[in-house]
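These are my notebook entries on a structure I went through, with the domains taken up before the helices and the strands.

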Protein chains: 2
Amino acid sequence: MRDRTEIDTLIDLMARLPGLGPRSARRAVLHLIRKRALLLTPLADAMTAVAASARECVNCGNVGTADVCAICADETRSNGLLCVVEDVADLWAMERSNVFKGRYHVLGGTLSALDSIGPDELRIPQLVRRVEDEAISEVILALNATVDGQTTAHYIADQLETRVALTSLAQGVPIGGELDYLDDGTITAALNARRRI
Amino acid sequence: MRDRTEIDTLIDLMARLPGLGPRSARRAVLHLIRKRALLLTPLADAMTAVAASARECVNCGNVGTADVCAICADETRSNGLLCVVEDVADLWAMERSNVFKGRYHVLGGTLSALDSIGPDELRIPQLVRRVEDEAISEVILALNATVDGQTTAHYIADQLETRVALTSLAQGVPIGGELDYLDDGTITAALNARRRI
């Protein structure tokens, strides 16, 4: 048996990352050791820097390196649109599309009776407060098209419908999608929302 | 556009790990930020420690935290068996099976005319020297059952056949394997090497 070394500790920690198991963690660690100067040391430094600087934006829940994130601090984005997403990953996905120029509100999950996640666990009270305090003309509910996501969207719509205009993302055939590979629900939604050409 | 922050730097570096792409790197980084105390800080520390301590064993080519690795330093393992593997990952796989109690020699790859990797790039001269200098009675060629691995095995066999007994791993049906899922080559090898029960 080999003694437990720093290398074994690193493999165990890497194996706890999502998307890596024990085998891919070992492979990644060997790769890191081979690319020590190019990858391992920069990665260790970047992790130390992020551990010191990453924080949740007090306003929207995005992850950034300041108390108020770059999006909330950007004055050019205060155009009255507020996009509600489940998760920081969803916010990043919206930002990559580079088309939405308003602001965000990250819920931090979806309502779930099973996991006893209620509105107070989800930054929904903060959302209601932002709608009251900020000059918001439209709230876009960009929640995932899952049962939990849509349940949460309905709950938020109930809370906000008298105060602000509410919209949700369109549902239909994804760009590049082939009908033969789509599920019945998507085809039904696309058919119901069909548009005149 | 978001400014480039430490978080973006970390995502870019993580995406260069084998087995992670841009999407899974983002997911891993968000996970790390959420588990800062439990995972991100320990991982940064472990990487810093490995960057400082990891080195190649001067004797066998294994990766460890000393100039001579734990296996080469272990006196109980000097039983005359030397197992030749392509890669440190293969050495670790052999060690996990916990059945081989001799020593190893890591080639660091396979012969490849295309990538202009010859014997001198592969620690083959060191292998010949070890066979001459150490009291080795048998060399086990545990190279991968690929074309490159077997070419390399033949080359090493040519170099060593007059000096030491040479063996290779058995080929056949893997434990738990189903014939219907095995390739023709494996079935042929298993049939040719059939044993009386």
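How far apart do the C-alpha centres of domain 1 of chain A and domain 2 of chain A lie? I keep in mind that this is a predicted model, and I note that the two C-alpha centres lie 34 Å apart. For the bounds I looked up the domain assignment of chain A, which gives residues 6-53 as domain 1 and 68-168 as domain 2.

Entry on the helices of chain B. I looked up how helix α1 (residues 6-14) of chain B packs with helix α2 (residues 22-34) of chain B, and I found an angle of about 130° with the axes 8 Å apart. Angles over 145 degrees would count as roughly antiparallel and those from 65 to 115 as roughly perpendicular, and α1(B) and α2(B) are therefore oblique to each other. The crossing in which α1(B) passes α2(B) is right-handed.

I then listed the residues that meet: from α1(B) they are B:Ile7, B:Leu10, B:Ile11 and B:Met14, and from α2(B) they are B:Ala25, B:Arg26, B:Ala28, B:Val29, B:Leu32 and B:Ile33. By class, I recorded nine nonpolar residues, one charged and no polar in the contact of α1(B) with α2(B).

Entry on the strands of chain B. I found strand β3 (residues 81-85) of chain B running parallel to strand β5 (residues 138-141) of chain B, joined by four bridges, and I noted B:Glu138 in β5(B) as the bridge partner of B:Leu81. Turning to strand β6 (residues 165-168) of chain B, I found that β5(B) also runs parallel to this strand, with four bridges joining the two; here the bridge partner of B:Val139 is B:Leu166 in β6(B).

Notes: Residues are numbered from 1 along each chain as its sequence is written. Chains are lettered from A and ligands numbered from 1 in the order in which they are written. This is a predicted model: local features need pLDDT of at least 70, side-chain atom pairs count only at pLDDT 80 or more; totals for chains, interfaces and linings use all residues. Side-chain values use heavy atoms; hydrogens and water are left out. Axes are lines fitted to C-alpha atoms, for helices over the stretch in contact, and angles run from 0 to 180 degrees between N-to-C directions. Angles under 35 degrees count as roughly parallel, over 145 as roughly antiparallel, 65 to 115 as roughly perpendicular and the rest as oblique. A crossing is left-handed if the near helix is turned anticlockwise from the far one by less than a right angle, and right-handed if clockwise. Contact means heavy atoms within 4.5 Å. Ala, Val, Leu, Ile, Met, Phe, Trp, Tyr, Cys and Pro count as nonpolar, Asp, Glu, Lys and Arg as charged, and the others, Gly among them, as polar. Domain bounds come from an automatic or database domain assignment. Two strands pair if DSSP finds at least two bridges between them.
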